[in-house]
Amino acid sequence: MKNVEKKFQISVACLAIVVVFIGLYTQSLNKMIVTYFIGILGILGVFLPDWESFDQSVSHWGTPLKVEEFTAESCRSVRFRFYPVRMAIFTILYGFGLYKWWIFISTQ
């Protein structure tokens, strides 16, 4: 089994635990369903993007990559490089999503 598939399975299993906890805490099927879909979107936001395209400076995200740029070595390299602007974008998006989810869950 590939490493990414294993991480995806662990993430979905953790999401299932969170959904069950939310169901027990709120006694609401609606909030369980919303938690599940928000969680799946969050997980897919990490595992699904074309990281070879996003693994560059934010200013280059709009320009397509050439075939020559996809060498076997580049595909085996570290998949996630630290770029401060990208981390700021992810932090803002995921932070806002978690905030809105928590507001939805905490209202009875």
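1. Val 12 is partly exposed in this predicted model. Its relative accessible area is 27%, and because buried means under 20% and exposed over 50%, that value puts Val 12 in the intermediate class. The residue belongs to helix H1. Across the chain, the C-alpha atom of Val 12 is separated by 7.6 Å from that of Ile 40, although the two positions lie 28 residues apart in sequence terms.

2. On the fold: the chain contains 5 helices and 0 strands. Read from the N terminus, the order of elements is α-α-α-α-α. Of the contacts between residues at least 6 apart in sequence, 67% join residues at least 24 apart.

3. On burial and surface: the chain has 108 residues, and buried ones make up 18% of them. The exposed area comes to about 8,200 Å². Carbon and sulfur atoms account for 72% of that area.

4. On the record: UniProt, in an unreviewed entry, assigns the feature "transmembrane region" to residues 7–26, 32–51 and 85–105. The annotation may be inferred rather than shown by experiment. In the model, the span 7–26 is 100% helix and 0% strand, with its end C-alpha atoms 28 Å apart. The span 85–105 is likewise 100% helix and 0% strand, and its end C-alpha atoms lie 30 Å apart.

5. On the largest pocket: this pocket holds about 450 Å³ of space. Its lining comprises 19 residues. Those nearest the centre are Ile 38, Gly 39, Gly 42, Tyr 94 and Leu 98. Three elements each give two or more residues to the lining: helix H1 (3–26), helix H2 (29–47) and helix H5 (84–106).

6. Which helix gives the most to the lining of the largest pocket? H2 does, with 8 residues. Sorted by class, the lining of this pocket has 12 nonpolar, 6 polar and 1 charged residues. Glycine is counted as polar in this scheme, so Gly 39 and Gly 42, both in the lining, fall in the polar class.

7. Taken together, the points above describe a chain of 5 helices in which helices H1, H2 and H5 each supply two or more residues to the lining of the largest pocket. Val 12, where this note began, sits in H1 and is partly exposed.

How values were computed:
Residues are numbered from 1 along each chain as its sequence is written. This is a predicted model: local features need pLDDT of at least 70, side-chain atom pairs count only at pLDDT 80 or more; totals for chains, interfaces and linings use all residues. Side-chain values use heavy atoms; hydrogens and water are left out. On a 1 Å grid over the protein atoms alone, a cavity is a set of points where a 1.4 Å probe fits but cannot get out, and a pocket is an open set with protein on both sides within 12 Å along at least five of seven lines; lining residues have an atom within 4 Å of a point. Grid points are joined across faces, edges and corners, and a volume is the space filled by probe spheres set on the points. Helices (H or I, at least four residues) and strands (E, at least two) are DSSP runs, numbered from the N terminus. Buried means under 20% relative accessible area, exposed over 50%, partly exposed in between (1.4 Å probe, protein chains only). Contact means heavy atoms within 4.5 Å. Accessible areas come from the Shrake-Rupley method with a 1.4 Å probe; for residues, only the protein chains shown count as cover.
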